[in-house]
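Okay, thanks for coming, everyone. I'll walk you through one structure today, and you can follow along on the screen.

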Amino acid sequence: MKHLYTALACLMICSSAATAGTRFAARRAAQRHTIAKEATNPDLIWRPASQTDFLYMDGEWLELGTTTFSYDERGNATLQDIEDEDGNYRIATTFDQYNQPLERIETASEDGTVWANESRTVYTYDPILHSYYTERAAYDWADDSWVKNYKCETNVITRDGGKIVEIVKSLPMTGEDLVPAYKLLWNYNESTGQADAMTYYVNNYTNSVIDWEVYDDTEYRNIVWEATDGQMAEASISDYLEGANRISRADVYYEGVIDGHLFVTYTADGGYTVRDTYADPDKAGVVVVKAITDANGSYTITETEYFDEDGEYSEEPTGQYVSTVTFNEKGDLVSEEVTETYDGITELVDGIKYEYTYDAAGHISQYVMSQYNYDDAEYAPAEKATFGEYKSFAGIEDVAVDADAPATYYDLQGRAVANPAPGRLYIKRQGNKATKVVL
């Protein structure tokens with residue numbers, strides 16, 4: 001079951017406390033930039049006028065700086081003015097009709113009056129997957145001109161009959177020139193019209209010659225879908241457990257030989273169970289269960305291993321990871337904790353907790369984040385942010401909706417919801433229009 005150590009590692013909640021820490025850092029960054037509260041009127045969105053960040057050091061809060069925001073009529077932050085002890089920084093961003101950034105320019109100033117260019121990023125997006133950029137052109141300011149840097153990339157999508165069959169990612173692997181680096185291929189079944197095989201490649205680029213090699217020697221064949229729209233742009237099979245494209249089963253091939261199977265079942269509230277088996281489908285090496293735990297969208301993801309140190313099947317569990325994510329009734333992240341169980345011992349390996357203060361209108365005026373310290377086995381304050389007065393905006397108003405287009409629902413954190421529950425507030429996207437609805 002060699003694929004357990006390669007491609008299917010992405011199904012794991014975490015493989016160590018260090019992995020969990022990296023994931024938590026990403027979540028913290030996302031949380032910091034999504035402090036947008038819904039008003040009682042669902043046609044309005046709210047944004048803070050300012051945000052002041054603090055870092056907890058040596059028993060006290062160290063102020064890092066204050067960001068003042070300017071927004072367009074849809075609530076997108078078009079201007080961020082950042083002031084800290086090192087100087088002044090400004091981020092100016094323009095957005096397209098789908099609220100995706102088109103251009104971002106960063107400038108700096110020592111006194112807040114004379115501004116010097118620092119960096120610039122320009123995005124081009126796919127006409128169907130509006131949030132998926134097909135080109136990112138990144139520049140640094142040098143010698144009075146914009147010079148491309150290593151952050152440039154292109155993602156060329158090829159479709160057949162409107163469905164994605166290939167995506168080639170090019171990166172500046174040698175100097176400034178973009179070279180094909182990764183390739184995602186989908187094969188479609190002629191009778192069903194659905195993708196039945198997925199292969200991801202990496203370019204070894206030996207002696208300046210393109211040399212495609214199957215990534216981690218792992219491929220997926222005989223794929224069956226719970227749902228699919230043919231717009232699969234992600235390279236990891238674990239990305240197809242939620243949203244418009246959800247797998248039901250697949251055969252796993254390692255070095256061209258069948259090595260295992262994936263079986264996925266879904267619950268009506270958005271949960272799922274993944275059985276990752278050996279070549280014998282009755283022997284599951286890994287079982288992953290996502291369970292929705294309350295009406296706020298809180299959930300647990302439990303991954304149980306059934307293999308020993310040599311990768312041999314075990315009828316009894318040999319290890320388990322549990323990630324517990326909790327939201328409050330306002331949809332704000334309260335905590336996320338990861339525990340692991342080995343040799344009958346369960347311990348907390350990583351975690352974060354948020355404490356919120358709300359103003360009279362229900363908007364966040366302050367949050368304090370605490371980080372779990374594994375060595376001390378306790379939580380300690382880590383960062384804090386306070387927010388200025390909130391302003392209301394009309395929200396997303398795009399071109400006319402296509403009544404025949406399928407509707408996709410998202411929660412207030414922007415996560416796709418496969419089976420929205422009645423009585424809750426969602427963002428409904430249909431065609432080119434997004435609105436807030438209560439089902």
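Before anything else, a bit of bookkeeping for the cavity part: Ala, Val, Leu, Ile, Met, Phe, Trp, Tyr, Cys and Pro count as nonpolar, Asp, Glu, Lys and Arg as charged, and the others, Gly among them, as polar. Also keep in mind that what you see is a predicted model.

So, the cavity. How many cavities of 30 Å³ or more does a search of the whole structure find? One. The space in that largest cavity comes to about 30 Å³. Around it you'll find Glu 135, Arg 136, Ala 137, Lys 148, Cys 152, Glu 153, Thr 154 and Leu 178. Sort that lining by type and you get four charged residues, three nonpolar and one polar.

Which strands each supply at least two residues of that lining? Those are S8, running 133-142, and S10, running 153-160. S8 gives the most, with three residues.

Now stay with two of those lining residues, Arg 136 and Glu 153. They form a salt bridge, and the closest N and O atoms are 3.1 Å apart. That pair ties together distant parts of the chain, with Arg 136 in strand S8 and Glu 153 in strand S10, 17 residues apart. Is Glu 153 buried or exposed? Its relative accessible area is 7%, and the cut-off for buried is under 20%, so Glu 153 is buried. Arg 136 has 22% relative accessibility, so it counts as partly exposed. And the pair isn't on its own: Lys 169 joins Arg 136 and Glu 153 in a network of salt bridges.

One more thing around here. Lys 148, which is also in the cavity lining, has its C-alpha 10.0 Å from that of Asp 177, with their positions 29 residues apart in sequence. Asp 177 is found in strand S12, residues 177-188. With a relative accessible area of 57%, Asp 177 is exposed.

Okay, the other salt bridges. As a general reminder, side chains of opposite charge can pair when their charged atoms come close. In total the structure holds eight salt bridges, and I'll show you two more of them.

Have a look at Asp 251 and Arg 249: their side chains meet at 2.4 Å, N to O. Asp 251 is buried, at a relative accessible area of 7%, whereas Arg 249 is partly exposed, at 27%.

Then there's Arg 221 with Glu 219, where the closest N and O atoms are 3.3 Å apart. Glu 219 has 15% relative accessibility, so it counts as buried. Arg 221, on the other hand, is partly exposed at 29%.

Let's move out to the surface. Which residues form a nonpolar patch there? They are Leu 55, Met 57, Leu 62 and Leu 64, and together they have about 320 Å² of accessible area. Strand S2, residues 50-57, and strand S3, residues 60-71, are the elements that give two or more residues to the patch. Take Met 57, which is found in S2. Its relative accessibility is 40%, so Met 57 counts as partly exposed, since exposed needs over 50%.

Next, a couple of backbone angles for you to check. Most residues other than glycine have a negative phi, and most peptide bonds are trans. Now look at Asp 216: its phi is near 55°, a positive value, and it's not a glycine. Asp 216 sits in strand S14, residues 212-227, and counts as partly exposed at 32% relative accessibility.

Where does Glu 255 lie? You'll find it in the loop between strand S15, residues 246-254, and strand S16, residues 257-266. Glu 255 also has a positive phi, near 55°. It has 52% relative accessibility, so Glu 255 counts as exposed.

Last stop, Gly 285. This one is in strand S18, residues 284-292. Buried or exposed? Gly 285 has 0% relative accessibility, so it counts as buried. If you click on Pro 317 as well, you'll see the two are 32 residues apart in sequence and 9.2 Å apart in space, C-alpha to C-alpha.

If you take one thing home, make it the link between the cavity and the salt bridges: Arg 136 and Glu 153 both line the largest cavity, and both belong to the network with Lys 169. That's it from me.

Conventions:
Residues numbered from 1 in each chain as written. Predicted model: local features only at pLDDT ≥ 70, side-chain atom pairs only at ≥ 80, totals over all residues. Heavy atoms only, no water. 1 Å grid on protein atoms, 1.4 Å probe; cavity = no way out; pocket = protein on both sides within 12 Å on 5 of 7 lines; lining within 4 Å. Points joined across faces, edges and corners; volume = space filled by probe spheres on them. Helix = DSSP H or I, 4+ residues; strand = E, 2+ residues; numbered from the N terminus. Patch = residues over 30% accessible without salt bridge, like charges linked within 9 Å, V, L, I, M, F, W, Y side chains within 5 Å. Areas by Shrake-Rupley, 256 points an atom, 1.4 Å probe, with all protein chains shown as cover. Salt bridge = Lys/Arg side-chain N within 4 Å of Asp/Glu carboxyl O. Buried < 20%, exposed > 50% of the residue type's maximum accessible area, 1.4 Å probe, protein only.
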